[in-house]
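Work through these exercises with the model open beside you. Try each task before you read its solution.

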Amino acid sequence: MTDVPKLLPAEALPIGREIDCGSYEVTESAIRDFATEWDPQYFHVDPARAADSDFGGLIASGLHTMSIYQRLVVTAVYQRYDVVAGRNFRQVRFLRPVRAGDVLTCTAIVRSVEPDKPGRCTVIVEGRLHNQHEKSVLELELDCVVRSEHTAAPE
């Protein structure tokens with residue numbers, strides 16, 4: 001039997017420090033596969049029609065871009081903490097199209113950790129994806145609920 005690591009409480013999150021969450025290379029097949037299933041607009045699934053679009057070629061769905069962010073931040077940060085659930089996207093900004101061949105790098109900054117209910121904190125996180133040219137493609141701010149080491153209600 002393997003030991004399951006103990007998940008860390010909200011209070012252990014590094015407030016104010018930019019966290020490198022790794023990178024992901026976007027492929028045409030990933031763009032088309034995701035969009036075929038979840039966002040089948042022509043500029044995500046049909047290269048010939050996308051070439052004549054405002055984007056001049058195939059681009060990733062915004063939902064796909066957000067999913068890339070989520071995968072990277074979960075793998076680098078959230079899986080070590082006792083996350084209960086996401087609560088709210090305060091802001092989501094798609095700043096430029098994501099194309100096949102782009103290498104997206106993810107960063108996250110925990111802005112605050114505040115007691116909420118007994119045993120829980122609200123955590124506000126700013127996230128960002130930028131491409132290989134250091135141009136931001138996604139910025140977001142969200143709050144989530146993470147278990148606290150404190151079980152008493154905040155005073």
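**Exercise 1. Pairing around S3**

Task: Find how many bridges join S3 to strand S4, and which way the two strands run.

Solution. Start with S4, which spans residues 120-130. Ten bridges join S3 to S4, and the two run antiparallel. Keep in mind that this is a predicted model. Next, pick one facing pair: valine 110 stands opposite valine 125 in S4. Then look at the connection. S3 and S4 form a hairpin, with four residues between them. Glycine 119 sits in that turn and has a positive phi of about 80°.

Now turn to strand S1, residues 18-25. Six bridges join S1 to S3, again in an antiparallel arrangement. Glutamate 18 has isoleucine 109 in S3 as its bridge partner.

**Exercise 2. The whole sheet**

Task: Work out the order of the strands in the sheet, and name which strands lie at the edges.

Solution. Strands of a sheet pair through backbone hydrogen bonds, either parallel or antiparallel. Continue from S4 to S5. Eleven bridges join these strands, which run antiparallel. One example is cysteine 121, whose bridge partner in S5 is valine 146. Now write out the order: S1-S3-S4-S5-S2. This is an open sheet of five strands with antiparallel pairing. The edge strands are S1 and strand S2 (83-94), because each pairs on one side only. Last, check the twist. Neighbouring strands of this sheet are turned by 25° against each other on average, direction ignored.

**Exercise 3. A threonine in a strand**

Task: Is threonine 107 buried or exposed? Which residues does threonine 107 touch?

Solution. First, place the residue: threonine 107 is in strand S3, residues 103-115. Second, read its relative accessibility, which is 9%. Buried means under 20%, so threonine 107 counts as buried. Third, list its contacts, not counting residues up to four places away in sequence. Threonine 107 touches Glu18, Ile19, Cys21, Tyr69, Glu126, Gly127 and Arg128.

**Exercise 4. The nonpolar core**

Task: Find which residues touch the most other members of the largest nonpolar core, and which strand gives the most to this core.

Solution. In soluble globular proteins, nonpolar side chains tend to be buried together. Here the largest nonpolar core has 35 residues. Those that touch the most other members are Cys21, Tyr69, Val73, Val77, Val123, Val125 and Leu129. S1, H4, S3, S4 and S5 each supply at least two residues of this core. S5 gives the most, with six residues. Take valine 77 as a sample. Leaving aside its neighbours within four places in sequence, valine 77 is in contact with Leu13, Ile19 and Cys21.

**Exercise 5. Two residues of helix H4**

Task: What do histidine 64 and methionine 66 touch?

Solution. Histidine 64 lies in helix H4. At 6% relative accessibility, histidine 64 is buried. Its contacts, leaving aside neighbours within four places in sequence, are Ala30, Ile31 and Phe34.

Methionine 66 also lies in helix H4. Its relative accessibility is 16%, so methionine 66 counts as buried too. Not counting residues up to four places away in sequence, methionine 66 touches Phe89, Val92, Phe94 and Leu138.

**Exercise 6. Aromatic pairs**

Task: How many aromatic pairs does the structure hold? Classify each by its angle.

Solution. A pair of aromatic rings is described by the distance of the centres and the angle of the planes. The structure holds two aromatic pairs. Tyrosine 42 and phenylalanine 43 are 5.2 Å apart, centre to centre, with 80° between the planes. Over 60 degrees counts as edge-to-face, so this pair is edge-to-face. Phenylalanine 43 and phenylalanine 55 are 5.3 Å apart, centre to centre, with 55° between the planes, and this pair is tilted. The tilted pair links distant parts of the chain. Phenylalanine 43 is in helix H2 (residues 42-45), while phenylalanine 55 is in the loop between helix H3 (47-51) and helix H4 (62-76).

Now join the steps: ring pairs link Tyr42, Phe43 and Phe55 into a cluster. Phenylalanine 43 is buried at 15% relative accessible area. Tyrosine 42 is partly exposed at 32%, and phenylalanine 55 is partly exposed at 32%.

Notes. Residues are numbered from 1 along each chain as its sequence is written. This is a predicted model: local features need pLDDT of at least 70, side-chain atom pairs count only at pLDDT 80 or more; totals for chains, interfaces and linings use all residues. Side-chain values use heavy atoms; hydrogens and water are left out. Rings of Phe, Tyr and Trp (its six-membered ring) pair if their centres lie within 6.5 Å; planes under 30 degrees apart count as stacked, over 60 as edge-to-face and the rest as tilted. Buried means under 20% relative accessible area, exposed over 50%, partly exposed in between (1.4 Å probe, protein chains only). Contact means heavy atoms within 4.5 Å. A nonpolar core is a set of buried Ala, Val, Leu, Ile, Met, Phe, Trp, Tyr and Cys residues joined through side-chain atoms within 4.5 Å. Axes are lines fitted to C-alpha atoms, for helices over the stretch in contact, and angles run from 0 to 180 degrees between N-to-C directions.
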